[in-house]
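Here are some notes to read beside the sequence and the 3D view. Please keep both open while going through the points.

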Amino acid sequence: MKSSTNIGMAILGVAIVVSGLFISNIQVKSRAFDRSVEVKGLAEREVAADLGVWPVQVTLTSNNLNKLKADLEQQKATVIEFFRQQGFSPEEFSTGPVNIQDTQANPYGNNANLPYRYIAQMEFTVRTNNLQKLQNSLTASLELVAQGILIGSKNTWQPIEYIFTSLNTIKPDMIEEATKNAREVAEKFAKDSDSRVGKIKSAKQGVFSITDRDQNTPFVKNVRVVTTIDYFIKD
């Protein structure tokens, strides 16, 4: 009876040792499987803007509302004709609201010495894919000034807004480039640690940013994306 008990205990001990080795092996493999490195990949491109928007503003002054109304209608017709002669279609040119300010109605300002009581502003918007035509019309707008029309842009620091709208056409190639760059970084890390790069564990595309190349060439854009990729590392 005692011999049977000893045999049972021996078998149980061997089972515990074997199971311990098995569990330990699983943990080692699990830790090896979880080894990874997180790297970032960069892709940048310079592209030309493909859309230009010019928010035009015409300012008039007067002391008589009836005369102001007549001047507004006359100058509006002149401005529309100017852009028509510059080659803009009705789809590229639109008229906006007219704002008239009565300076004497402002209780917070001292406007008694102002030469004009009424200040009116008309708004127009030129929106086109032909950037050269838009730039030419900006230069030619001095003709309107010579006719006594005070024309300007709502954005004095940048008269024309340049936009790049074709991001989807370059997005796949840029993501591929950023992913390749991230892989190169991971392989450099793995080489330094005497390891090998495995499959992708997780990946984040990142956000595309579009900025002016510099202040002097806003019609040239810098497109940038940074991807974050987590690679498995093998011995």
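The points below cover the nonpolar cores, one helix, the aromatic rings and a surface patch.

1. This is a predicted model. Its largest nonpolar core has 25 residues, and Trp-54, Val-56, Val-58, Val-79, Phe-83, Phe-124 and Val-126 touch the most other members. Two or more residues of this core come from each of β2 (51-62), α2 (65-85), β4 (118-128) and α3 (131-140). Another core, of 10 residues, lies apart from it; Leu-167, Met-174, Phe-208 and Val-225 are among them.

2. Val-126 is worth selecting in the viewer. Leaving out residues up to four places away in sequence, Val-126 touches Gly-52, Val-53, Trp-54, Val-56, Phe-83, Phe-88, Glu-92, Phe-93 and Leu-134.

3. In α3, the buried residues are Leu-131, Lys-133, Leu-134, Ser-137 and Ala-140. Their cover includes β2, α2, β4, α4 (142-146) and β6 (161-163).

4. There are six aromatic pairs in the structure. Phe-82 and Phe-83 pair edge-to-face, at 5.0 Å centre to centre with 80° between the planes. Phe-82 has a relative accessible area of 5%, so Phe-82 is buried; Phe-83, at 1%, is buried as well. The planes of Phe-83 and Phe-88 stand at 65° with the ring centres 5.9 Å apart, so this pair is edge-to-face. Through ring pairs, Trp-54, Phe-82, Phe-83, Phe-88, Phe-93 and Phe-124 are linked into a cluster.

5. On the surface, Leu-65, Val-98 and Ile-100 form a nonpolar patch with about 250 Å² of accessible area together. Leu-65 belongs to helix α2. Is Leu-65 buried or partly exposed? Its relative accessible area is 44%, so Leu-65 counts as partly exposed.

Conventions: Residues numbered from 1 in each chain as written. Predicted model: local features only at pLDDT ≥ 70, side-chain atom pairs only at ≥ 80, totals over all residues. Heavy atoms only, no water. Core = buried A, V, L, I, M, F, W, Y, C linked by side-chain atoms within 4.5 Å. Buried < 20%, exposed > 50% of the residue type's maximum accessible area, 1.4 Å probe, protein only. Helix = DSSP H or I, 4+ residues; strand = E, 2+ residues; numbered from the N terminus. Contact = heavy atoms within 4.5 Å. Patch = residues over 30% accessible without salt bridge, like charges linked within 9 Å, V, L, I, M, F, W, Y side chains within 5 Å. Areas by Shrake-Rupley, 256 points an atom, 1.4 Å probe, with all protein chains shown as cover. Salt bridge = Lys/Arg side-chain N within 4 Å of Asp/Glu carboxyl O. Phe/Tyr/Trp six-rings, centres within 6.5 Å; stacked < 30°, edge-to-face > 60°.
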